[in-house]
Amino acid sequence: MSSHLARATVVTLCLATLLAGCSGGDRGTSAATSSARERRDPSTPAEPLQLSGTSWRLISMDDGRDEEDTSGAEVPAVVTFDGERVDVYDGVNDASGSYRVERGRLAIELRSRSDVAPVGELPQYELIDLLPSATSVHVDGEVLTIELEDGGRLRFQLAVGVAPD
């Protein structure tokens, strides 16, 4: 009987030790969280991107062949996100509508637009026409990048607000 008792005590202690190591504590939890973070698909943000309350100044437009620097424009092109509303100013015309960000995907629908003929020709004057073809968005520090259906890319510098994480 004492050998059965000794064996039962050893098994109980082993199970208790095993369960204590798996049940939490800072060390076990960190390891579990860390490995879950490593397994997460890096193309899918952990939390939804919050753009509301920010304004972004267009700094470059890339059509897939050439990147046009627009950061030195005398009148900057700006995109502002507020709630579900988006307002766009290309330096001459403005437009407004709605936007949605879901798992890094961006959808922009512009409903109203001014139509003033610009004097001269600058790449930024295409901004209002390009934004509805947005497919994805990501933020790196204070730079927002919008990918377009045709493979083009719009880059913006934070102008107002706090850059989302």
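**Strand β5 and its neighbours**

Tutor: Let's begin with a pairing: strand β6 (residues 105-113) runs antiparallel to β5, and eight bridges join them. Please keep in mind that this is a predicted model.

Student: What makes β5 and β6 count as paired strands?

Tutor: Pairing needs at least two bridges, and β5 and β6 have eight, so they qualify by that rule. One of the matches is Val101, whose bridge partner in β6 is Leu106.

Student: What makes β4 and β5 a pair?

Tutor: The requirement is again at least two bridges, and strand β4 (residues 85-89) has five with β5, so this is a pair too. These strands run antiparallel. Among the matches, Tyr89 has Asp94 of β5 as its bridge partner, and Val86 stands opposite Gly97 in β5.

Student: On the other side of the hairpin chain, how many bridges do β3 and β4 have?

Tutor: They pair over five bridges, in the antiparallel sense. Here Phe81 stands opposite Val86 in β4.

Student: Which residue takes a positive phi in the hairpin of β5 and β6?

Tutor: That is Arg103, with a phi near 50°, in a hairpin that has two residues between the strands. Arg103 sits in the loop between β5 and β6.

Student: What makes the phi of Arg103 worth a remark?

Tutor: Most residues other than glycine have a negative phi. Arg103 is not a glycine, yet its phi is positive, at about 50°. For two more hairpins the residue is a glycine: Gly91 has a positive phi near 110° in the hairpin of β4 and β5, with four residues between the strands, and Gly83 has one near 60° in the hairpin of β3 and β4, with two residues between them.

Student: Why is Arg103 called exposed?

Tutor: The label needs a relative accessible area over 50%. Arg103 has 63%, so it is exposed.

Student: And Ser96, how do you know whether it is buried or exposed?

Tutor: Ser96 has 13% relative accessibility. Buried means under 20%, so Ser96 counts as buried. Ser96 belongs to strand β5 (residues 94-102).

Student: What joins the side chains of Ser96 and Ser112?

Tutor: They share a polar contact of 2.8 Å, and the limit for such a contact is 3.5 Å, so the pair passes. Apart from residues up to four places away in sequence, Ser96 touches Arg85, Val86, Asp87, Leu110, Arg111 and Ser112.

Student: Why is the link between the side chains of Ser98 and Arg111 called a polar contact?

Tutor: Its length is 3.1 Å, which falls within the 3.5 Å limit, so it earns the name. Ser98 also lies in strand β5. The C-alpha atoms of Ser98 and Ile108 are separated by 5.9 Å, although these residues are 10 apart along the chain. Setting aside residues up to four places away in sequence, Ser98 touches Glu84, Arg85, Val86, Ala107, Ile108, Glu109 and Arg111.

Student: How do the side chains along β4 show alternation?

Tutor: In a regular strand the side chains alternate between the two faces of the sheet. In β4, Val86 and Val88 point to one face and are buried, while Arg85, Asp87 and Tyr89 point to the other and are not buried.

Student: How many aromatic pairs does the structure hold?

Tutor: There is one aromatic pair. Phe81 and Tyr99 form it, with 4.7 Å centre to centre and 70° between the planes. The pair links distant parts of the chain, with Phe81 in strand β3 (residues 78-82) and Tyr99 in strand β5, 18 residues apart.

Student: What makes the geometry of Phe81 and Tyr99 edge-to-face?

Tutor: Ring centres must lie within 6.5 Å, and an angle over 60 degrees between the planes counts as edge-to-face. At 4.7 Å and 70°, Phe81 and Tyr99 meet both conditions, so the term fits. Both residues are buried.

Student: Which residues have the most contacts inside the largest nonpolar core?

Tutor: They are Ile146, Leu154 and Phe156, in a core of 28 residues. Beyond its neighbours within four places in sequence, Leu154 is in contact with several residues, including Leu58, Met61, Leu127 and Ile146.

Student: How many helices and strands does the protein have?

Tutor: It has three helices and nine strands. Of its 165 residues, 30% count as buried.

Methods: Residues numbered from 1 in each chain as written. Predicted model: local features only at pLDDT ≥ 70, side-chain atom pairs only at ≥ 80, totals over all residues. Heavy atoms only, no water. Buried < 20%, exposed > 50% of the residue type's maximum accessible area, 1.4 Å probe, protein only. Polar contact = N/O pair within 3.5 Å; in protein donor to acceptor, adjacent residues only side chain to side chain. Contact = heavy atoms within 4.5 Å. Phe/Tyr/Trp six-rings, centres within 6.5 Å; stacked < 30°, edge-to-face > 60°. Core = buried A, V, L, I, M, F, W, Y, C linked by side-chain atoms within 4.5 Å.
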